[in-house]
Amino acid sequence: MPRHLYGAGEIAARLGVSRQRTRQIIDRPDFPKPYDRLGMGAVWLKRDVEAWISEHRPHLGAPDEE
């Protein structure tokens, strides 16, 4: 997956939560809308998800860059 996109698996790993909890989070009205939907599911722009994390989960800090 391109580095500027997150799928549900990347969001789960970034937040340190289960896929079930990730589904609850991405269904929240304040979570960013998906950038697009692919055969594997929805994808989000990394910058949108990181902005949400900064506002709602600031204790997680910045992502580890590879």
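In this predicted model, Ile 53 is in contact with four residues beyond its neighbours within four places in sequence: Arg 14, Leu 15, Pro 58 and Leu 60. Ile 53 also belongs to the largest nonpolar core. That core has 11 residues. Its members are Tyr 6, Ile 11, Leu 15, Ile 25, Ile 26, Phe 31, Ala 42, Trp 44, Val 49, Trp 52 and Ile 53. At least two of these residues come from each of helix H1 (8–15), helix H2 (19–26), strand E3 (41–45) and helix H3 (46–56). H3 contributes the most, with 3 residues.

Helix H1 has one buried side. Ile 11, Ala 12, Arg 14 and Leu 15 are buried in H1. They lie on the same side of the helix, because the arc they cover around the axis is only 165°. The cover over these buried residues includes E1, H2, E3 and H3. Two of the buried residues of H1, Arg 14 and Leu 15, are also among the contacts of Ile 53. Leu 15 and Ile 11 are listed in the largest nonpolar core as well. After H1 comes Gly 16. The phi of Gly 16 is positive, near 70°.

The strands form an open sheet. It holds 3 strands, in the order E1-E3-E2, with antiparallel pairing. E1 and strand E2 (36–38) are at the edges. Each has a single partner strand, so one side of each lacks a neighbour in the sheet. E2 and E3 run antiparallel and are joined by 3 bridges. Within this pairing, Arg 37 stands opposite Ala 42 of E3. H3 packs on the sheet and touches E1 and E3. The direction of H3 makes about 75° with that of E3. Ala 42, the residue opposite Arg 37, is itself a member of the largest nonpolar core.

Towards the N terminus, Arg 3 lies in the segment before strand E1 (5–6). Is Arg 3 buried or exposed? Its relative accessible area is 61%. The cut-off for exposed is over 50%, so Arg 3 is classed as exposed. Arg 14 of H1, by contrast, is buried. Arg 3 and Arg 37 are 34 residues apart along the chain. A distance of 16 Å separates their C-alpha atoms.

Methods:
Residues are numbered from 1 along each chain as its sequence is written. This is a predicted model: local features need pLDDT of at least 70, side-chain atom pairs count only at pLDDT 80 or more; totals for chains, interfaces and linings use all residues. Side-chain values use heavy atoms; hydrogens and water are left out. Helices (H or I, at least four residues) and strands (E, at least two) are DSSP runs, numbered from the N terminus. Buried means under 20% relative accessible area, exposed over 50%, partly exposed in between (1.4 Å probe, protein chains only). A nonpolar core is a set of buried Ala, Val, Leu, Ile, Met, Phe, Trp, Tyr and Cys residues joined through side-chain atoms within 4.5 Å. Contact means heavy atoms within 4.5 Å. The arc is that of the directions from the helix axis to the C-beta atoms. Two strands pair if DSSP finds at least two bridges between them. Axes are lines fitted to C-alpha atoms, for helices over the stretch in contact, and angles run from 0 to 180 degrees between N-to-C directions.
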